[in-house]
2 protein chains.
Amino acid sequence: MRRTTLKDVGDHVGVSAKTVSNVINGTGWVRDDLKARVREAIDELGYRPNSAARQLRSGRSGMIALAIPDLSQPYFAELASAIVAAAADRSITVLINQTNGQADAERRISDGVGIPVMDGLILSPLALTAGDLADRQDSTPIVLLGEHVGESRFPHVTVENAGAARAATDYLLRSGRRRIAAIGAQATGPRETSELRLAGYRAALREAGIAEDPALIREVIDFRRSDGVQAIDGLLAEGVPFDGVFAFNDLMALGALHALGEAGLRVPEDVAVIGFDDIEEGRYSTPPLTTVAPDKAALGSLALELLLSDSPAAGDTTVPYQIVSRMSA
Amino acid sequence: MRRTTLKDVGDHVGVSAKTVSNVINGTGWVRDDLKARVREAIDELGYRPNSAARQLRSGRSGMIALAIPDLSQPYFAELASAIVAAAADRSITVLINQTNGQADAERRISDGVGIPVMDGLILSPLALTAGDLADRQDSTPIVLLGEHVGESRFPHVTVENAGAARAATDYLLRSGRRRIAAIGAQATGPRETSELRLAGYRAALREAGIAEDPALIREVIDFRRSDGVQAIDGLLAEGVPFDGVFAFNDLMALGALHALGEAGLRVPEDVAVIGFDDIEEGRYSTPPLTTVAPDKAALGSLALELLLSDSPAAGDTTVPYQIVSRMSA
């Protein structure tokens, strides 16, 4: 069978081969409905871009790697999905590597060890620091995501953590809460996220003239649902009074909702709860979760733009956030 | 600086270089606590296996590809995590590709187009069928996951869908429910999962001597939380009486819990709800979700074993499931 060509696809839709090429390569400007019809025709006719030829022409493989700690954490899974979507718009294939936040895995992938040649790497490190990356030899472009980075000579996209945490705490204060538990302090491990969000919590209390009560600051091991449950159970067992909860991520906030429900406490009447991340699950919890929503789509597309830019500036780029007000606070 | 060797790592832990090699390559038998200490020492000393040399010796790249429809669906994210974990035990790197269930993306990756040379591919297709794969030319080993496959000349790992769906429906019948809504019928798109689970639902009703009521069988577009909400809203708006819900996946069951709560109905007193998948979220919902738990870890390790086997048998392998009884049914 003759191989389907760009022209076949164009003829099928009634557009030029150049327009089809624009859709495939994410270049030029093509109307959305036309894009959809071209993509349908590509599927229907089984057109396959000749990627080897394309790579030779462009000097690019059309592939990038994305290394994240843990796909079973919904925040990372949704972030990965956003990056894959942004890349698909540019006909770039994303190959995702789960590092489990282990230094060895992060180091290997940042050095390009054990993975094929890619056009670039987006790395969300947990264990590696800027120091570890300072002597990186591999010349593949890299963009870092998240908080566990510090000063770095590489471009870095992150959320304005302290500001967003301050806004979340302030949101509870404005609704009249005065005894706000902070769930997510960390004594060990990679704890930059935790430290920044705790600093935001403290700044909001200070500004409101409320003294900090160490009994309200709850340490966790990880940022999982079970940590949220344990934090609430701990407060209740110790008899620490509280009327608000700022959980440093949505998973822990959802665990807190669960534990509060089990204890017969009403949310938000008895305890108001706010989370951080805006994962889809929080839209369907009982009650639906009020949360800090970082712009994950912007995070994905910014990381990609920086990665593909010819001369990306080193240093931090922050994406905007908003407070999404639902029923839990 | 001298490169860290296997012997350095072994000396640090007090074991032989061979034991360290066994841990790295997932060969031999090493005690779990010793494995953990070797891995810590690898991290601490910054040991890096020389993968190029390893590949030359073994003729393998140490990489496999995993292609799944959508990482923002927790079932797929958890399955990917299970496969990555099983592969890590064998020092295999998994590169994950999100296909969005699009035929073109699935065809490209099954043909090895646009991705680097790998030791194998685990593909969970949504749009492709066995027919589409029948003329696959690429010689890279492939293992298929899930339901959207049919008869195939490739090894295929799946859950016993009809049997599990029958058991779920039967679970509701045994608790005295007689008007059980089935959420997840599909009129279009890749609908094998839906058809098998609907067949199981029907078999259980038949066996209990209960006539099927078409008004209780709710069609959905996708398998997402919002589909579960819409199905419940539809039943209530039409005034269809029901005392049980079998949702064909946990996400829809969680959407159903949400909609039932909004409508002021008590779960399980007024309506018992059972899901399918056992995603982590269901352990923390209000009330916690009763569900069919397919053995995802077994699914991951079986797929990997078949992929790495020298002569894998074509045809289906099913993994076991169990009903996990929580509070919603």
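The structure holds 32 salt bridges over all chains. A salt bridge here is a side-chain nitrogen of Lys or Arg within 4 Å of a carboxyl oxygen of Asp or Glu. Side chains of opposite charge can pair when their charged atoms come close.

This is a predicted model: local features need pLDDT of at least 70, side-chain atom pairs count only at pLDDT 80 or more, and totals for chains, interfaces and linings use all residues. Residues are numbered from 1 along each chain as its sequence is written, chains are lettered from A in the order in which they are written, and side-chain values use heavy atoms, without hydrogens and water.

Three of the pairs are set out below.

| Pair | Closest N to O |
|---|---|
| Lys35(A) and Asp32(A) | 3.8 Å |
| Asp270(A) and Arg266(A) | 3.0 Å |
| Glu280(A) and Arg224(B) | 3.7 Å |

Lys35(A) and Asp32(A) both sit in helix α3 (residues 32–45) of chain A; they are three residues apart, so about one helical turn separates them. Helices are DSSP runs of H or I, at least four residues; strands are runs of E, at least two. Asp32(A) is exposed, at 62% relative accessible area. Lys35(A) is partly exposed, at 28%. The cut-offs are under 20% for buried, over 50% for exposed and partly exposed in between (1.4 Å probe, protein chains only). Asp270(A) is partly exposed at 25%, and Arg266(A) is partly exposed at 49%.

The third pair joins two chains, because Glu280(A) lies in the loop between β9 (272–276) and β10 (290–294) of chain A, and Arg224(B) in the loop between β7 (217–219) and α10 of chain B. Glu280(A) is buried, at 16%. Arg224(B) is buried too, at 15%. Shared partners also link Asp70(A), Arg224(A), Arg225(A), Glu281(A) and Glu280(B) into one salt-bridge network.

Now the interface. Chain B brings 45 residues to the contact and chain A brings 46, with contact meaning heavy atoms within 4.5 Å. About 4000 Å² is buried between the two chains, and carbon and sulfur atoms give 53% of that area. Buried area is the accessible area (1.4 Å probe) lost when two parts are put together, summed over both. Four salt bridges cross the interface of chain B and chain A. On chain B, the elements giving two or more residues to the side that touches chain A include α3 (32–45), α5 (74–88) and β2 (93–98). β2(B) gives the most, with six residues.
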